[in-house]
Amino acid sequence: MPLVTLQDAELAYGLTPLLDRASLTVQPNERIGLIGRNGTGKSSLLKVIHGELTLDDGLLALDDGLRIAMVEQESAPPDADTLRESLALAAGFETLHDERERWAAEARLTEFLHRFGLDESQPTATASGGERKRAMLALALARKPDLLLLDEPTNHLDIGGITLLEDLLTAGPVKSAIIITHDRAFLDRVATRIVELDRGYLRSYPGNFAAYTARKADQLAAEEVAHRKFDKFWAQEEVWIRKGIEARRTRNEGRVRRLEALRVERAARRERLGKVQLTLTAGERSGKLVAELEQVSKAFGGAPIVNRCSLRIQRGDRIGVIGANGAGKSTLLKLFLGTLTPDSGTVRLGTNLQVAYFDQLRAQLDPEKTLAETISPGSEWVECAGGRKHVMSYLGDFLFPPQRANAPVKMLSGGERNRLLLARLFAQPANMLVLDEPTNDLDIESLELLEETLQGYTGTLLLVSHDRAFLDNVVTQTLAAEGNGVWKEYAGGYSDWLMQRPKPAEAAPVVTPKAAPNASSAAREKPKAKLSFKEQRELDTLPAEIEKLEQEQLALTNKMSSGDYHKHGAEAIKADRLRADAIEQLLTQKFARWEALDQKSAAGV
């Protein structure tokens, strides 16, 4: 039985229909990637399935007893003292009258909070955007839904969080999902089917995003040919009807009715939306040296963000910056730009720099100003790479119609604000482009166009992004956070970094350079520390101990996630929860001990 059946669905806001007799069937064990232009109605479709919106017309049928959980794009846990209290409030644990059911639900929530690396006792008010998103994902998974609805789940997540979510969706307890995302690598790994919302219609493509791309190109080509043939035939019929007296004498009423039908069909055709027109120029060449950091350190609240970092950026470098949330990616950019003063060390900027900076928080946009004032304050003209343009025409290149030019920025959606900020940046020459998470809220088509534009850019590029495909397609070097304020440079994009990065157990020990020994110093030099027999034996047995604990953890997780787990009784459930916490602590301790012994062994060789 299908989980969801949508048939001849109609939904409209204003004159433009979001759903135009659209149909969709969701089968068990399907993971559907829902894609489409910003503003086409993807989020509205999820809300229809979730029961938050009602169709104007058509049929929505859900399987009996279907449990649905939804994580919205900007969802956040309710206010409470701690994350756990907040999520328990959102889950409605206090309404569960069956104590065993409550124990099971709380155990599942604890499990997923731990898997997402969250401290359940953390005050909700201090949680970052990424922590809030992980908390809401943990809650949704803990509810054990039959169908999971995710609206841009990768926004605010770092790459580690994204890959963890991929693992949970492909091998976790939830078997069916509909996911709105622009992350192509995510879709390639997770999706079993792509559904595109295009001009009110839902079109289905089996397979992942790569399979969709190949099929979509063929479909668009066929659609263009069909439209061309239709328009040619329609034009011929219009010529016939206007031939004058001779044609009217021989006029065929059936042919006239057919022409009327052609006119109606042509008028009803919804043309494919235009593309953003991106042009970018590097302007005058900068000096060969763009920026240099020498032994730079920066800390906040005692935590090192950048620790004795020495890096040099040359003209034409295309550098991607990656790291976990809170690693200091934005801080590093500001040090390179000279807008943030280091605690120690020196920052040297090159000559003749023209910098364009894309701020992920969009602080450069004044919400009270109009779109036209934002792009060209005090003038109706924009000097851009393609020449002088009227501000209305330039806004049109970024898909803003003339009637919205005088609307305030605060009325724009997240994706529209991103497009407006890109329009503002690209309106001026810049030989150094600094982009901090520019892909958030962009639809796939705009994202791919931005990629193409950046590939042809001849200036220097600094890019922070969690979009792995975007990084692979744009950058030639990767600057990665290694922990404790250490940053290291790798050749290539994200995939190249994956192959080159050191494994945790293989991390090289820090070796302090020594002066050449003389006789007295050699006599005083202590022998290198070596592992004792007991330590060597401990090092040899640790991998097997860790594997055994991980197997026990997996078995316990499967047991706690089973449908009849509540039947085990409150005492057994409590014991399982305590054991799960103990295993997590033991694994942390044993991994730390393994790394310490391994480094000591390497140093003593």
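At what angle do the axes of helix α2 (residues 83–91) and helix α3 (residues 99–115) cross, and within what distance do they come? In this predicted model, the two axes cross at roughly 130° and come within 11 Å. Angles over 115 degrees but not over 145 count as oblique, and α2 and α3 are therefore oblique to each other. The crossing of this pair is right-handed. On the side of α2, the residues taking part are Arg84, Leu87 and Ala88, and they meet Glu106, Leu109, Thr110 and Leu113 of α3. Sorted by character, the residues of this contact comprise 4 nonpolar, 1 polar and 2 charged.

Helix α2 also packs against helix α4 (residues 129–142), here at an angle of about 45° and with the axes 11 Å apart. That angle makes α2 oblique to α4, and the crossing of these two helices is right-handed. Leu83, Leu87, Ala90 and Ala91 form the α2 side of the contact, whereas Ala135, Met136 and Leu139 form the α4 side. The contact of α2 with α4 is made up of 7 nonpolar residues, with no polar and no charged ones. Leu87 of α2 thus appears in the contact with α3 and again in the contact with α4.

The remaining pairing to be described is that of α3 with α4, whose axes come within 8 Å and cross at roughly 140°. That makes α3 oblique to α4, and the crossing of α3 and α4 is right-handed. From α3 the contact draws on Arg108, Leu109, Phe112 and Leu113, and from α4 on Ala138, Leu139, Leu141 and Ala142. These residues divide into 7 nonpolar and 1 charged, with no polar residue. Leu109 and Leu113 of α3, which take part here, are also among the residues of α3 that meet α2, while Leu139 of α4 is found both in this contact and in the contact with α2.

Attention then turns to enclosed space. Rolling a probe the size of a water molecule over the atoms shows where empty space is left. The structure holds 3 cavities of 30 Å³ or more, and the largest cavity has a volume of about 60 Å³. The lining of the largest cavity is drawn from several parts of the numbering, with Ile35, Gly36, Asn38 and Lys42 among the residues that contribute to it. Glu152, Ile180, Thr181 and His182 also line this cavity, as do Leu442, Asp443 and Ile444. By character, the lining of the largest cavity divides into 4 nonpolar, 4 polar and 3 charged residues.

Terms used: Residues are numbered from 1 along each chain as its sequence is written. This is a predicted model: local features need pLDDT of at least 70, side-chain atom pairs count only at pLDDT 80 or more; totals for chains, interfaces and linings use all residues. Side-chain values use heavy atoms; hydrogens and water are left out. Axes are lines fitted to C-alpha atoms, for helices over the stretch in contact, and angles run from 0 to 180 degrees between N-to-C directions. Helices (H or I, at least four residues) and strands (E, at least two) are DSSP runs, numbered from the N terminus. Angles under 35 degrees count as roughly parallel, over 145 as roughly antiparallel, 65 to 115 as roughly perpendicular and the rest as oblique. A crossing is left-handed if the near helix is turned anticlockwise from the far one by less than a right angle, and right-handed if clockwise. Contact means heavy atoms within 4.5 Å. Ala, Val, Leu, Ile, Met, Phe, Trp, Tyr, Cys and Pro count as nonpolar, Asp, Glu, Lys and Arg as charged, and the others, Gly among them, as polar. On a 1 Å grid over the protein atoms alone, a cavity is a set of points where a 1.4 Å probe fits but cannot get out, and a pocket is an open set with protein on both sides within 12 Å along at least five of seven lines; lining residues have an atom within 4 Å of a point. Grid points are joined across faces, edges and corners, and a volume is the space filled by probe spheres set on the points.
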